[in-house]
Amino acid sequence: MAAHRKPRQRSLSGHTARTAATTLALAGAATATAFDGTGQAAPDLTPAQVKAKVDELYHEAEIATEKYNGAKEKAGEAEKAVDELRDEAARRMERLNSARGALGSAAAAQYRSGALDPGVELALSSNPDQYLERAALAERAGHRQAADVAGVEKQLQQIEQLREEADGRLDELQARQAELKRHKKTVTTKLAEARRLLNGLPADERDGIFGDGAGGAYGNPGSDGLGALPGGSVAAPNSRAAAAVSYAYRALGRPYVWGATGPNAFDCSGLTQAAYRSAGVSLPRTTYAQIDAGRRIPRSELRPGDLVFFYSGVSHVGIYVGSGRMIHAPNPSAPVRIAPIDQMPFAGATRVA
């Protein structure tokens with residue numbers, strides 16, 4: 001019986017080979033598109049859908065921004081602590097070196113004197129009373145020298161403790177710096193995605209999404225920070241709150257920049273911190289800390305200058321200016337502006353001045 005052989009495969013060449021390669025390439029591209037979805041254009045979003053998505057991205061970015069601000073503040077504290085500990089260790093090292101020098105001089109003097117055994121020296125002394133006086137002085141000097149040695153040992157222990165503490169704070173600083181990088185990456189990623197969505201809209205639709213409510217129609221208040229708003233407004237509870245409101249009015253139109261605390265740009269908690277700093281009141285950096293920086297008040301008791309907070313995670317803050325409105329730094333697509341406090345989910349209010 002004849003042996004069975006596999007039929008020889010014909011090699012592809014010329015036009016046939018080119019056609020096959022093209023077919024395979026197209027098939028591969030189609031398969032990849034089916035799996036990752038990148039080859040098909042996403043369905044067009046309406047301006048309302050874009051705004052909803054961008055609002056979500058801005059909110060997520062603001063949460064990350066406040067975490068970044070908190071990590072940055074703690075990193076600054078850790079860095080300051082490391083520097084202070086190192087400075088203190090250096091100062092103590094100088095004092096230790098001085099004490100060591102004094103001990104060295106005393107030891108050298110004793111060596112040069114070639115001190116005799118006390119019994120021999122007494123036996124050879126022509127004046128035993130004088131010798132006993134000198135021996136008593138030498139004993140007291142010996143006690144002082146022993147105390148000096150003990151002092152040096154204690155200083156060494158303290159310096160070692162300071163160095164260990166500095167190493168611990170340095171580890172904390174490095175952890176905070178790594179945390180900063182993570183939050184910064186989150187913020188920049190969210191903002192880039194929001195920018196991409198907005199850039200996909202025609203200019204007129206893009207401008208219309210965040211173009212309202214900037215507060216330009218209300219003008220600036222008087223020098224006391226208590227200018228009238230529509231419907232009238234109650235007065236600020238004190239001069240510090242009034243000064244903070246006045247600062248916020250002067251900041252209208254300044255751009256939102258995440259991490260900024262003024263005077264030319266702000267994020268939300270950066271604006272409130274700067275406003276109260278101008279009034280001589282020190283606020284912590286983040287929304288999470290600012291809400292606990294004063295006395296909590298119900299919404300019904302709001303007065304100009306009170307801080308108003310939003311979202312369940314307390315990730316946004318503004319300065320209340322009366323008539324149900326606030327001044328806040330909203331997001332990168334809108335400058336510092338006046339807006340109704342009903343614009344976002346209300347989380348609480350604090351009176352800090």
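This report covers the nonpolar core, a charged surface patch and some backbone features of a predicted model.

## Nonpolar core

The largest nonpolar core has 51 residues. Within this core, F266, Y276, L307 and I327 have the most contacts. Six elements are listed as giving two or more residues each: the helices α2, α4 (128-199), α6 (239-250) and α7 (268-278), and the strands β2 (307-310) and β3 (316-322). Helix α2 gives the most, with 10 residues.

## Negative surface patch

E79, D83, E84 and D87 form a negative patch on the surface. One of these residues, D87, sits in helix α2, which spans residues 47-113. D87 has a relative accessible area of 44%, so this residue is partly exposed. Helix α2 thus holds D87 of the patch and also gives 10 residues to the core.

## Cis peptide bond

G262 and P263 are joined by a cis peptide bond. Its omega is about 0 degrees. P263 belongs to the loop between α6 and α7. Both of those helices give two or more residues to the core.

## Positive phi outside glycine

V314 is not a glycine, yet its phi is positive, about 50 degrees. This residue is in the loop between β2 and β3. V314 counts as buried because its relative accessibility is 15%, and the cut-off for buried is under 20%.

S323 is another non-glycine residue with a positive phi, near 55 degrees. S323 lies in the loop between β3 and β4 (325-328). At 31% relative accessibility, S323 counts as partly exposed.

Definitions and conventions: Residues numbered from 1 in each chain as written. Predicted model: local features only at pLDDT ≥ 70, side-chain atom pairs only at ≥ 80, totals over all residues. Heavy atoms only, no water. Patch = residues over 30% accessible without salt bridge, like charges linked within 9 Å, V, L, I, M, F, W, Y side chains within 5 Å. Areas by Shrake-Rupley, 256 points an atom, 1.4 Å probe, with all protein chains shown as cover. Salt bridge = Lys/Arg side-chain N within 4 Å of Asp/Glu carboxyl O. Lys, Arg positive; Asp, Glu negative; His and termini not counted. Charge placed at Lys NZ, Arg CZ, Asp CG, Glu CD. Helix = DSSP H or I, 4+ residues; strand = E, 2+ residues; numbered from the N terminus. Buried < 20%, exposed > 50% of the residue type's maximum accessible area, 1.4 Å probe, protein only. Core = buried A, V, L, I, M, F, W, Y, C linked by side-chain atoms within 4.5 Å.
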